[in-house]
Amino acid sequence: MKNPKKTFAEKVIDYNKNLNYTGTLPKGFQVLNPFLDNPETMVVMREFYEKFYNDYQSRKFIIGINPSRHGAGVTGVPFTDTKRLESVCGIKMHSAHTHEISSVFMYDMIAEFGGAEKFYQEFYINSPFPLAIIHEQKGKQLNANYYENTTLFESVKPFMIETIKQNITLGLDTSEAFILGKKNATFIEKLNTEYHFFDKLTVLEHPRFIQQYKSKEKELYIDKYILAFKDSEKEM
C-alpha cells in the first residue's frame with residue numbers, strides 16, 4: 001500500500017514552489033526569488049531534495065541569515081553554490097556558475113562530518129527569510145541581511161515568523177536548532193522567546209565570518225560545528 005504521507009523532499013519542494021514575498025521593503029532594498037527568476041533553479045532544487053531528503057525522517061534545523069545572491073539565491077539550496085552543487089552533490093547547473101565562500105566552509109565541514117548523504121539525513125538548512133535581499137547603494141547591488149536596519153527587520157518580521165512555522169511542519173525536530181551567526185542569533189532568540197519554536201538554541205559562528213576573518217582557525221571551527229552536532233545526536 002502506498003504511503004499517503006508526503007516525503008520530506010516533497011514538502012520542501014512544494015514549499016519552495018509557493019515561496020513568494022509580497023510584503024513591503026524600505027527604499028533601496030529588493031528581494032530576489034530564484035524560483036521565479038530562473039526556471040533551472042526549480043529543476044536543480046528539486047533534484048537536490050529528491051536525492052537527499054526522499055524519506056520521512058525528522059531533522060534538526062540549521063538556521064542561516066538569508067541567502068546570498070551567489071549561493072541559494074541562484075541554486076535554491078541553502079549554503080550551496082553551483083560549484084559545490086555539482087562537485088559534491090552531483091547536480092550540474094547550466095544557466096549559472098557561482099562561487100560563494102560560505103558554501104566552501106559548509107561543504108568542508110560536511111565532508112568532515114561524513115559526507116553530504118549522511119549530513120542531510122540528519123539536518124535541514126534554511127533561513128527565516130529564505131530569499132536573497134539586495135541593497136542598492138551608489139549604483140551597486142550588495143547582499144543585505146534581514147537585520148541590516150530596524151525598518152527592514154520590522155518589514156520582514158511577520159514573514160519570518162510564518163516561515164519558521166512552515167519549516168517546522170516539514171518535519172523538523174524542535175528539541176534543538178542551530179543558529180549560524182551571533183547577530184542572527186540575537187534576533188532569532190527574541191522570536192523564539194516569544195513563539196517557543198525550539199526547546200534549545202545553539203549558536204555557531206557564521207561560515208562567512210569564519211572564511212573571511214578566521215580562516216587560519218578553520219579546522220577548529222569545523223570541529224566546533226561537528227561537536228555541537230554530535231552532542232545533539234546523543235540527546236535524540
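Two strands count as paired if DSSP finds at least two bridges between them. Keep that in mind for the first stop on this tour of a predicted model.

**Strands β2 and β3**

Strand β2 covers residues 59–63, and it pairs with β3 in the parallel sense over four bridges. If you want one bridge to look for, try Ile-62: the bridge partner of Ile-62 in β3 is Ile-125. Now stay with β3, which spans residues 123–126. Which way do its residues point? Phe-123 and Ile-125 go one way, while Tyr-124 and Asn-126 go the other way. Both sets are buried.

**His-135 in strand β4**

Strand β4 runs over residues 132–137, and His-135 sits in it. Is His-135 buried or exposed? With a relative accessible area of 14%, His-135 is buried, because the cut-off for buried is under 20%. Leaving out residues up to four places away in sequence, His-135 touches Gly-28, Phe-29, Lys-140, Gln-141, Leu-142, Ala-144 and Glu-148.

**Two loop residues with positive phi**

Next, have a look at Phe-79 and His-196. Phe-79 has a phi near 55°, a positive value in a residue other than glycine. His-196 isn't a glycine either, and its phi is positive too, at about 55°. Here is where they sit and how accessible they are:

| Residue | Loop | Relative accessibility |
|---|---|---|
| Phe-79 | between α4 (72–75) and α5 (82–87) | 11%, buried |
| His-196 | between α9 (182–195) and β7 (201–204) | 63%, exposed |

Phe-79 counts as buried because its 11% falls under the 20% cut-off. His-196, at 63%, is exposed because the cut-off there is over 50%.

**Helices α1 and α3**

Last stop: a pair of helices. Two packed helices are described by the angle between their axes and the distance between the axes. Helix α1 takes in residues 8–17 and helix α3 residues 39–52; their axes come within 9 Å and cross at roughly 160°. Angles over 145 degrees count as roughly antiparallel, so α1 is roughly antiparallel to α3. The crossing of α1 and α3 is right-handed.

Who makes the contact? From α1 come Ala-9, Val-12, Ile-13, Asn-16 and Lys-17, and from α3 come Met-42, Met-45, Arg-46, Tyr-49 and Glu-50. How many of the residues in this contact are nonpolar, polar or charged? The contact of α1 with α3 divides into six nonpolar residues, one polar and three charged.

Methods:
Residues numbered from 1 in each chain as written. Predicted model: local features only at pLDDT ≥ 70, side-chain atom pairs only at ≥ 80, totals over all residues. Heavy atoms only, no water. Helix = DSSP H or I, 4+ residues; strand = E, 2+ residues; numbered from the N terminus. Buried < 20%, exposed > 50% of the residue type's maximum accessible area, 1.4 Å probe, protein only. Contact = heavy atoms within 4.5 Å. Axes fitted to C-alpha atoms, helices over the stretch in contact; angles between N-to-C directions. Parallel < 35°, antiparallel > 145°, perpendicular 65-115°, else oblique. Left-handed = near helix turned anticlockwise from the far one by under 90°. Nonpolar A, V, L, I, M, F, W, Y, C, P; charged D, E, K, R; others polar.
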